[in-house]
Amino acid sequence: MDFDDIKDNIPFSSPVEPVKLTLDSEFQFDCHPGVSCFTACCRNINIQLTPYDIVRLKQRLELSSSDFVARYTVPFEMDHHGLPGLNLLTKSGTRECVFLADEGCSVYPNRPAACRYYAFGSMAVRPKDSAVVEDVFFLVKEPHCHGHEEQKKQTVREYRSAQGVDRYDDANREWRDVIIKKRSGGPTIGAPSERSMQLFDMCSYDMDSFREFVQTPGFCDLFEIGDAEMRSLLEDDEALLRFAMRFLKQTLFGERSIALREGARERRIEERREAWRKRRDAEVARHKAEKENLLREEQQQFRADAGDDDPG
Ligand code: SF4
Ligand code: SF4
């Protein structure tokens, strides 16, 4: 699909300007505390958070990932299978961002990717007759935003660099790939199990729990992780997030990039078999005990009835 194929379908009232821009396109825009609309865009938000947004914000606020999620996000379902997503919290009864303060954004150096992107939309498209997917950009001109009237000219590349967008895109790329695969992976992957949803949730939004998980004996017995790599997973949230995406892809789609310990797969299969045998034996024993109880009760009842009928 090409951008030109869909631009005519953009509703006429849309703030999206249907002009395809590339990284080298120049445009006119600026945003600074002196603009008359300063923070207007933060007063009517609907911001979906990415895993890297959460890493940066929880570091900024010195919170654990689970505390950050509990205090500053609102869960929603990203698709009809209930794929978990998180929106940034707004102040009670308003659409105003919870981090908006009198002087502006209180978390500005760690603001989410969506805030950095503002004034731009982007999409990945595959031009006709090409196997290569390319990013195209388009301006979003909302009536309240007067930044487009400012005189500053810059290329899309310069704007993205100034906003620090590339780092966010790099950190979130694999996550977006997981979502696309989950949505388009056919019936098995398209209707994921409860367990796979929980794994997605932890790997996407809860790096502190995932860090505990990679230290569990079960995980260490299964995966071959070198000392240096384990140290970086324990110390570096970004390295841990990248590893979490590899783990998700391996677990959900069988894309093997984390080495298993020798014989680990066979041991796991044997452990599962053993657990299954134990469960089955326990079931058989429970059925047997129930039957014996029933038989005993019937015999007692029979004796009691026989005693009642005894004329002596
Ligand atoms: S995080 Fe900051 S920039 Fe983003 S909407 Fe909230 S206040 Fe505005
Ligand atoms: S509305 Fe536009 S110009 Fe105004 S603060 Fe937001 S991004 Fe900047």
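In the predicted model, Leu248 is in contact with Val178, Leu199, Phe200 and Cys203, when its neighbours within four places in sequence are left aside. Two of these residues, Leu248 and Cys203, also belong to a group of residues that have the most contacts inside the largest nonpolar core; the others in that group are Leu240, Leu241, Ala244 and Met245. This core comprises 34 residues. Two or more of its residues come from each of the elements α2 (51-61), α3 (65-72), β3 (84-88), α6 (165-184), α8 (194-205), α9 (207-213) and α12 (237-253). The greatest contribution is that of α12, which supplies seven residues. In soluble globular proteins, nonpolar side chains tend to be buried together.

The packing of α12 against α2 was examined next. Two packed helices are described by the angle between their axes and the distance between the axes. For α2 and α12, the angle is about 155° and the axes lie 11 Å apart. Because angles over 145 degrees count as roughly antiparallel, α2 is roughly antiparallel to α12. The crossing in which α2 passes α12 is right-handed. On the side of α2, the contact is formed by Pro51, Tyr52, Val55 and Gln59, while α12 contributes Asp237, Glu238 and Leu241. By character, the residues of this contact comprise four nonpolar, one polar and two charged. Leu241 thus appears both in the contact with α2 and in the list of core residues with the most contacts.

A further residue considered in relation to α12 is Glu174, which is located in helix α6. Glu174 counts as partly exposed, because 17 C-beta neighbours lie inside 10 Å, whereas a buried residue requires 20 or more. Apart from residues up to four places away in sequence, Glu174 touches Arg242 and Met245. Met245 is itself one of the residues with the most contacts inside the largest nonpolar core. The C-alpha atom of Glu174 is separated by 9.6 Å from that of Leu241, although the two residues are 67 apart along the chain.

At the level of the whole protein chain, the secondary structure amounts to 13 helices and eight strands. The protein chain has 312 residues, of which 18% count as buried. Among its contacts between residues at least 6 apart in sequence, 70% join residues at least 24 apart.

Conventions: Residues numbered from 1 in each chain as written. Chains lettered and ligands numbered in written order. Predicted model: local features only at pLDDT ≥ 70, side-chain atom pairs only at ≥ 80, totals over all residues. Core = buried A, V, L, I, M, F, W, Y, C linked by C-beta atoms within 7 Å. Buried ≥ 20, exposed ≤ 12 C-beta atoms within 10 Å, placed from the backbone. Helix = DSSP H or I, 4+ residues; strand = E, 2+ residues; numbered from the N terminus. Contact = placed C-beta atoms within 7 Å. Axes fitted to C-alpha atoms, helices over the stretch in contact; angles between N-to-C directions. Parallel < 35°, antiparallel > 145°, perpendicular 65-115°, else oblique. Left-handed = near helix turned anticlockwise from the far one by under 90°. Nonpolar A, V, L, I, M, F, W, Y, C, P; charged D, E, K, R; others polar.
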